[in-house]
Amino acid sequence: MAPPILSLVLPSETGRVLSIQSHTVHGYVGNKSAVFPLEILGFDVDPIHSVQFSNHTGYPSFKGQVLNGQQLWDLIEGLETNDLLYYTHLLTGYIGSVSFLDTVLEVVNKLRFINPKLTYVCDPVMGDEGKLYVPPELVAVYREKVVPVASMLTPNQFEAENLTGLRIVTEKDGLEACNILHAAGPSKVVITSINIDDNLLLIGSHEKEKGQDPERFKIVIPKIPAYFTGTGDLMTALLLGWSNVINILTTWTGQQNLQYQACRQYCRGL
C-alpha cells in the first residue's frame, strides 16, 4: 500500500488553494505576489503558472513561455491521477488567451465536482486606465462564462466597466456595478480601485442571500504618484485569505470589520 499523502491526511486548517496566475523570475506579480502571503496565512498553495517570463511586461523586453490550455489540462490530470485534486479555493489572475480561459472553466467544473463547496476567487485581469492588455475577445468570455461561476470577483474600475457595460465615475456608479455583478453570479464583489478626484476608492459588497440588500464597505486610498506592479494580485490574495480565515473565527459582522482593517492596513503600506 502506498504511504498516505501528508497534505491530505494533515490538511491546512484554513484551506488548500490552486492558484493559476502569471509568474516572473524577477519582480513580484501574479503567483510571485500571491503565494507567499497566502502561505503566511496558513494556506497550502499549489501554483500553476499561466506564463513564465523573465520579468513583467512593463520592461522594454521580456522572454519566456506561455502555457496553453492542453498543457494546463495535463497538469490537472496529473494531480487527479494521484488524488491531489481536492481544493477548497481556486484563485485565477492573468490569463492571455481564450483557449486557456476555456480550460480554466473546465477546471472550475472538475474541482466543484470533487468539492461542491469550492470557493472560486477570480481577478479578471484584462486591463487598466482605459487600455486592454489581453485580446479583446476575452472580455466576452469573462462576462458571459466566468463571472456566473465566480464566488468572489475583484475587478479594477476599467475591468468592472467592461464586465457591466456601466461607466463608473462616482461612488454610486461603483455600487450599481456591484449590483449588476451580483445579479450575474458572485456573492462577493470588490472593485479594487475607482479613480475619483485624485483619490482611489475601494468598494466591497457581499450579497449574503439573493434578493437581500448586500453589506458593503469602502476604503478611500490617497493616490501615490508612482507606478506599481503586482498590487492587484496581492490584494486579491489577501481578500481570499482574510475572508476565509475570518469565516472560521467569527460571524460576518465581525468579518466585515476585520477584513476592512486588514485591507486598510495593506493599502496604507502601498
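What follows is a look at the overall make-up of the chain, its largest pocket and one of its helices. The model is a predicted one.

To start with the whole chain, nine helices and eleven strands make up its secondary structure. There are 270 residues, and 47% of them count as buried. Contacts reach well along the sequence: taking those between residues at least 6 apart, 67% join residues at least 24 apart. As for the outside, the accessible surface comes to about 13500 Å², with 55% of that belonging to carbon and sulfur atoms.

Next, the largest pocket. It holds about 1700 Å³ of space, and 49 residues line it. Asp128, Tyr133, Asn156, Phe228 and Thr231 are the ones that lie nearest its centre. Quite a few elements give two or more residues to this lining: on the strand side, S1 (16-24), S2 (44-53), S9 (188-196), S10 (199-206) and S11 (215-222), and on the helix side, H6 (157-164), H8 (231-249) and H9 (252-268). H8 supplies the largest share, with five residues. In terms of chemistry, the lining splits into 22 nonpolar, 18 polar and nine charged residues.

Finally, helix H5 (residues 137-146). Its residues Leu138, Val139, Val141, Tyr142 and Val146 are buried. These five sit on the same side of H5, because the arc they cover around the axis is only 165 degrees. The cover over the buried residues includes helix H4 (98-114), strand S5 (119-122), strand S7 (131-132) and H6. H6 thus turns up in both places, as part of the cover on H5 and in the lining of the largest pocket.

Note on methods:
Residues are numbered from 1 along each chain as its sequence is written. This is a predicted model: local features need pLDDT of at least 70, side-chain atom pairs count only at pLDDT 80 or more; totals for chains, interfaces and linings use all residues. Side-chain values use heavy atoms; hydrogens and water are left out. On a 1 Å grid over the protein atoms alone, a cavity is a set of points where a 1.4 Å probe fits but cannot get out, and a pocket is an open set with protein on both sides within 12 Å along at least five of seven lines; lining residues have an atom within 4 Å of a point. Grid points are joined across faces, edges and corners, and a volume is the space filled by probe spheres set on the points. Helices (H or I, at least four residues) and strands (E, at least two) are DSSP runs, numbered from the N terminus. Ala, Val, Leu, Ile, Met, Phe, Trp, Tyr, Cys and Pro count as nonpolar, Asp, Glu, Lys and Arg as charged, and the others, Gly among them, as polar. Buried means under 20% relative accessible area, exposed over 50%, partly exposed in between (1.4 Å probe, protein chains only). The arc is that of the directions from the helix axis to the C-beta atoms. Contact means heavy atoms within 4.5 Å. Accessible areas come from the Shrake-Rupley method with a 1.4 Å probe; for residues, only the protein chains shown count as cover.
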